[in-house]
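Here are a few exercises to work through with the structure open beside you. Try each task before you read its solution.

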Amino acid sequence: MKPRDRLRIAVQKSGRLSEVSQDLLARCGLKFRHSRDKLFCFGESLAIDLLLVRDDDIPGLIADGVCDLGIVGRNVLAEQQAALQSREAVVPFRELLPLGFGRCRLSIAIPQELDYAEPSSLQGLRIATTYPALTAQWLQQAGVTAKVVVLSGSVEIAPKLGTADAICDLVSSGATLQANQLREVAGILDSEAVLAAAPGLPPDERGELQELLLRRIEGVIQVRESKLVLLQTTRAALAGVTRLLPPGQQPTVTSIEGSADDVALQAVCHGAITWQHLEDMRRAGARHMLVLPVEKMLA
Ligand code: ATP
Ligand code: MG
C-alpha cells in the first residue's frame with residue numbers, strides 16, 4: 001500500500017445510512033469538494049477525504065487499507081467478521097464507536113401459523129437470509145441443524161414462494177414482516193450504524209487525524225443527546241430539584257444577588273427532558289426553568 005498523508009473515510013453512497021452519515025461528518029466540521037463521478041470527495045477543511053461506496057464494500061476497503069475508517073451497519077461488519085471467523089481467518093477491521101442511528105435488529109421470523117417455542121423449533125427447516133455467516137453461527141450456538149438458503153434480497157417473500165420455511169433478516173418497525181404474514185421469534189443481533197476502522201491506529205499523521213475526528217464525532221453525539229437546563233430555586237429545595245434532573249454533569253449552583261435564600265442552577269443533562277420533568281421540578285420548588293439545545297461541546 002502506498003503511504004498516504006490524508007485520512008480516508010468510506011460511507012454509503014445511497015441508502016438508509018448515506019444522508020445521516022454525511023450529515024454527521026458535516027457537523028464535525030468536514031467540508032468536501034464533490035468530484036464529477038461523486039465517488040471520491042476531496043476534504044477541504046481537513047486532510048480527510050470521503051469515499052462513497054456500497055455499504056457491503058466498507059469492511060473490505062478498510063481491510064485492504066484503501067480506507068482508514070467507515071460508517072456502516074454493525075450487521076454488515078458482524079456478518080463479514082463471522083464469515084472470516086468461520087474460515088479461521090484474521091478479522092482486519094473493528095467497531096470503534098456506535099453512532100446511535102440506523103437502529104435495527106437481525107432476527108429470525110417464521111410464517112404466522114408456524115409454532116415456535118425455542119430455537120430447536122427451527123430444527124430441519126430452511127432459513128433464507130442475506131446474512132448466512134451470522135445465521136449459521138447463531139444456529140450452531142443454539143445447537144440447531146437447519147439449512148441456510150443464501151439470497152441476495154427480497155428475503156421476506158421466500159416462505160411464500162416456497163424457497164424457505166423461515167427467514168433471518170433485518171427488522172426495524174416490523175411492518176415488512178407483518179405485510180408478509182411473518183412473526184419475529186428470535187433476535188440474533190442488535191444493530192446500529194458504527195464507525196469502523198482497521199485494528200491499529202495508522203502510524204503517521206493519519207493517526208492524529210483519526211483521533212481528532214473520533215473526538216469530534218463523540219462531541220456531536222453528546223451534543224445531540226444533551227440539553228442545557230437553567231432554573232432558579234431555594235437552597236432548601238435545591239437537593240430535591242437536583243435529584244429530578246436527568247443524568248448529566250454535576251450542576252453549577254450560584255447565589256442570586258440580593259437574595260440570601262435563592263440560587264440559580266445550570267446543568268448539562270443527557271437524554272430527553274419532558275414536560276413531566278419540568279412539572280415535577282416545579283412541584284419540588286424550581287422556578288424560571290429554561291431548556292436549551294447545546295450547539296457544540298468539547299470536554
Ligand atoms: P447498498 O446499496 O449500499 O448495499 P443496502 O441495500 O445494502 O445498500 P440499506 O437498505 O440502505 O442497504 O441499509 C443500510 C443499513 O441500514 C443496513 O445495513 C442496516 O444497518 C440499516 N437499517 C436500519 N433499518 C433497517 C431496515 N429496516 N432494513 C434494512 N436495513 C436497515
Ligand atoms: Mg448493501
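**Exercise 1: The main core**

Find the largest nonpolar core and name the residues with the most contacts inside it.

*Solution.* This is a predicted model. Its largest nonpolar core holds 27 residues, and Ile-9, Ile-71, Leu-99, Leu-195 and Ile-217 have the most contacts inside it. Next, look at which elements build this core: at least two residues each come from β1 (7-12), α1 (18-27), β4 (48-53), β5 (69-73), β12 (193-197) and α7 (205-224). Of the contributors, α7 gives the most, with 6 residues.

**Exercise 2: One residue, then another core**

Which residues does Leu-195 touch, leaving out those up to four places away in sequence?

*Solution.* Start with the contacts at Ile-9, Leu-69, Gly-70 and Ile-71, then add Arg-94, Glu-95, Leu-96, Leu-97 and Leu-99, and finish with Leu-214 and Ile-217. Now step away from this region: a second, separate core has 20 residues, among them Tyr-131, Leu-134, Ala-166 and Ile-188.

**Exercise 3: Around the ligand**

Which of the 15 residues around ligand 1 come nearest? Then locate side-chain polar contacts to the ligand's oxygen atoms.

*Solution.* Begin with the surroundings: Arg-54, Asp-55, Asp-56, Asn-75 and Ser-172 come nearest among the 15 residues around ligand 1. Then check distances. Asp-55 places a polar side-chain atom 2.8 Å from an oxygen atom of ligand 1, and Gln-12 also has a polar side-chain atom 2.8 Å from a ligand oxygen. For Asn-75, an N or O atom of the side chain lies 2.6 Å from an oxygen atom of ligand 1. Finally, consider cover: on its own, ligand 1 has 630 Å² of accessible area, and the protein covers 76% of it.

Notes: Residues numbered from 1 in each chain as written. Chains lettered and ligands numbered in written order. Predicted model: local features only at pLDDT ≥ 70, side-chain atom pairs only at ≥ 80, totals over all residues. Heavy atoms only, no water. Core = buried A, V, L, I, M, F, W, Y, C linked by side-chain atoms within 4.5 Å. Buried < 20%, exposed > 50% of the residue type's maximum accessible area, 1.4 Å probe, protein only. Helix = DSSP H or I, 4+ residues; strand = E, 2+ residues; numbered from the N terminus. Contact = heavy atoms within 4.5 Å. Near = heavy atom within 4 Å. Polar contact = N/O pair within 3.5 Å; in protein donor to acceptor, adjacent residues only side chain to side chain. Areas by Shrake-Rupley, 256 points an atom, 1.4 Å probe, with all protein chains shown as cover.
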